[in-house]
Each structure stands twice: as C-alpha cells, then as structure tokens.
Amino acid sequence: MAEASRILQTTLIHTFSQNPKSQITLRAHSNRRSFPPISKRSSLFRPIRCSVTTASGGGGEIATQIGVPWGCETDSAENASALQKWLSESGLPPQKMAIQRVEVGERGLVALKNIRKGENLLFVPPSLFITADSEWSNREAGEVMKRYNVPDWPFLATYLISEAGLKSSSRWSNYISALPRQPYSLLYWTRSELDRYLEASEIRQRAIDRINDVTGTYNDLREKIFSKYPALFPEEVFNMESFKWAFGILFSRLVRLPSMNGRVALVPWADMLNHSCEVETFLDYDKSSQGVVFTTDRAYQPGEQVFISYGKKSNGELLLSYGFVPREGTNPRDSVEISLSLLKYDDCYKEKSEALKKHGLSASQCYPLQITGWPVELMAYAYLAVSPPSMVNQFDEMAAAASNKNTSKRDVRYPELEEDALQFILDTCEVSISKYSKFLQASGSMDLDVTNPKLLNRKLFLKQLAVDLSTSERRILFRAQYILRRRLRDIRSGTLKALNIFDGIFGGFKKLFN
C-alpha cells in the first residue's frame, strides 16, 4: 500500500451550488468524523445531514468485486517502469529509489544507493501535482464542475474518474495505470463484513459513516450535475463503483502540504512511499528546490525499503483509510475510542443533555484512550455523567470542559465526584473489553463453512486485519482497566484522600491531549 501522509482530520462535506444565492445541497454525514476540511471553495456552504444507507433491504450487500477498468493489482509493479519513464520525461529529477515489490505494503520505494540520515529525497515538481486547479483533458466537463462550485474532494474524485475514463488520451494515463484497481480501504468492506469483523470497534461506525458520505456525495452529483450533462458524464464511467475507487485513492494518497498553506494534492511517485511507525518524517513542499520532498530520519542501505509517516494516527485510523494494521505495540500513537453515554434513568438527563448540546456534544460521546492515558475532556464528561442534581449549576462548566472546542477551562476538578467518575469510566472499559474478547474468542471458528477459495481468501484476510486491530485496541483497554482499578483501590483504602486527584498517577496524563 503505497499510500501517502498526514491529512485526515475531519469535518462535514459541504453543499455546492451553481449560484451561491440559490444553493443545491450536497448531503453530508452525521456527527462523526469523515471528510477533511479542504479549501476555501468548500467553506462557503452549509453542511446537511446524510441519510444514505450502505446495504439494500433484506440484508443485501454492496457489490465489491466489480472493480474499475483501469489501474493495476495492488501488489503489482507491472506499470512501474512506464510510470518512472513518464515522470522522468515530465520533469522528475533522477531518483535514489525505485518501485519494487516489498514485504511491508506489497510495493513501495526501495533504495538503489546508500541514503544518509538527514538527506532530502524526491523533489517532485508542482507540474506533476494533481490539485483542484489541474487542467481537465475534457475542459467542458471541468467548466461545468467549476460552475457548480463543487468542493475539492468530490471535485478531485470526479477529475480522477474523468481522466481515467480517457485512458491513453489523458496526460495522467501512466500514473492512473499504476494506481491500485481496488485500493485497500474500508470503503470496500460490505456492511455485513463491517458488522461481523469490526463489531467491537468504534472504527466500524466511522467506516459506515464514510461509506454513507461517499454514497450520498455520488448520488447528489448524479442528480444535480451528471444527469443534466450525460454526454460529459456518462454513467458507464461516472458510477458508484468508480467513485468508490476515486475516494479510496483520495483517502489513501491525498497529502496536505504545510508549506503551501495547507494545499492538498496527489503527488505521483511520492505516494508510492509506505508508512512506518518508527519514522516521523513527512512530505512537504520545499520552496528552495521547488518540489515535494521529505528528509530522512534514518539511513538506508541499497535494497532497503524507504518509509515516511502518514501522521500520528491510531491503528484504527490506519485501517480505515489505508487498509492495514501495524504490528501490536509498534505504534506509539495507537488509541482506542470508547463511547461514554449519559444514564437514561438520570433525574437530570435532560439538563445534562442540553448542557452538552450547547457545547457541540451529544448524550453519547466518543473519546480516545491511549496506552499512556486519556484526554482531560473524557474525565470532564465522566464528572458530568455522575454528578448529582445538587450540582446542576456546574453542568455547563463540566460540559464545556468535555468539549475540545473549549480552551479557557479544560482541566476542571471535582474531588467529591472522583470515585464515581472513575468507576463510570471503568464500567465502560470493561463492557468494551467484553466485546473484544467475545469477538477474538469466536474468530477462530468464523468462516469455516466458506468453500469458495477466492471468497475464503478475502474473508481470512479481512478477519486477520480485524483480529490485529481488536488485539491492539483491547491491549489499551486492559492497561486502562489496570490503572483505573488501582486508582479506585487506593481511593477506597483511603491512602490518597489527602492528595490532589490529578497530582498523582494521572498527573502526566492531563498533558497528553493539551
């Protein structure tokens, strides 16, 4: 998986219109995370909730094996020489790396010569970037998309499909031919596969939301634009399968370039680099050399695969966008999301819900746990959840502290609620641990009735990814359980009653997400 670097923060998809004063709406997702904020083009429009489902009635599944007629197999380097030749002829300087089949990522960039630590590599010029300003081979189609002020992500997805559909007539044909025909992405998991293999993980819901977003985006483009210009956007090219492919490419390869004011781009050649949790270097634009580069933070010998970092992402986020899970314990930024919820029978449920809503939160809220701790916002939410009616005047303060949008007073302290709040978090962790353990115990006997070899290989592959993710996420929950039990034991034994709650075991934790 030669997929690129640090981009997927999250927000809603925005609306688009031909006339900003009379907007045509583009469906967006629910309150969970999905599409990143992109550019000024998309900042003008109001997001609207998406209500598209991913499975047909009666338990049917999305077809995932149809594929697109362009690209190559994910583990293939068959088009590598043509890509390298085209890039060299188009302005890419001589390289110290080449595309080869590798153990980590199936194909990647491998050192041809000794590479020093601290050396700048790549130097991909802007003429080889694909951005929202790239020239369309089908200029009329590009003008239509621009007239409707389509946001960058669906705009770039449509651009990719348009160029791919032109085959050798497109300037980008050699690049597109080297892209995977089916990107590794949870977009290609069916709903039943998500429910079966990721039942314990919060990544399941994020994958469902992302699929809903892509489906809703395509349906809106088809209704508002493609159906009006069928000669420019024929359905045999611009269909759900091609949009799933295009968004899979964008989610796994689009990079944000900090030195170009956060501009996003597909950067051919650079996007053949694989991720390693052991490096921190990332892609950026170098103004002096006028190209995309990265600076190695280790030396490489000839034949070694060269790595970059895709950003500080959890194993779940890496699976969501890139389709792989690092080995257990190798990702220092790994985390697991737990969902905290107000108690339905709480006498102050309404008041607490309103306080949370005021600060952009809901009665059920997800927070990350890491092996080293958790954010102060999680503790604030726990305080609110267990607080008695007598503390109604503090509900707003607790809700504000539970939101990461609040910067004035995040580290609230309520020693009188400490024991109940920690027990509330522990109970939630143990419910999650039970779900992970149930899945892991059952995974060995899953799919034993599958006889089709191709289908069996797919299911075994997906199941192994899910097992790896569940094992790493449960490991973090076990660590949190251990710390919470020790803390509660100390509180109940009275040994810490005289100490400030956050000056003890959790003193370092509050810095984690500041």
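Is asparagine 149 buried, partly exposed or exposed, and what is its relative accessible area? In this predicted model, asparagine 149 has a relative accessible area of 22%. Because the partly exposed class lies between the buried limit of under 20% and the exposed limit of over 50%, asparagine 149 is assigned to the partly exposed class. The residue is placed in the loop that runs between helix H2 (139–147) and helix H3 (152–165). Its backbone is also notable for the sign of one torsion: asparagine 149 is not a glycine, yet has a positive phi of about 50°. Most residues other than glycine have a negative phi.

A second non-glycine residue with a positive phi is phenylalanine 123, for which the angle is about 60°. Phenylalanine 123 belongs to a strand, S5, which covers residues 120–124, whereas asparagine 149 lies in a loop. The relative accessibility of phenylalanine 123 is 31%, and the residue therefore counts as partly exposed.

At the level of the whole chain, 13 helices and 13 strands are assigned. The chain comprises 514 residues, of which 55% count as buried. Contacts between residues at least 6 apart in sequence were also examined by separation: 75% of them join residues at least 24 apart. The area exposed by the chain is about 22,800 Å², and carbon and sulfur atoms supply 48% of this area.

Terms used. Residues are numbered from 1 along each chain as its sequence is written. This is a predicted model: local features need pLDDT of at least 70, side-chain atom pairs count only at pLDDT 80 or more; totals for chains, interfaces and linings use all residues. Side-chain values use heavy atoms; hydrogens and water are left out. Helices (H or I, at least four residues) and strands (E, at least two) are DSSP runs, numbered from the N terminus. Buried means under 20% relative accessible area, exposed over 50%, partly exposed in between (1.4 Å probe, protein chains only). Contact means heavy atoms within 4.5 Å. Accessible areas come from the Shrake-Rupley method with a 1.4 Å probe; for residues, only the protein chains shown count as cover.
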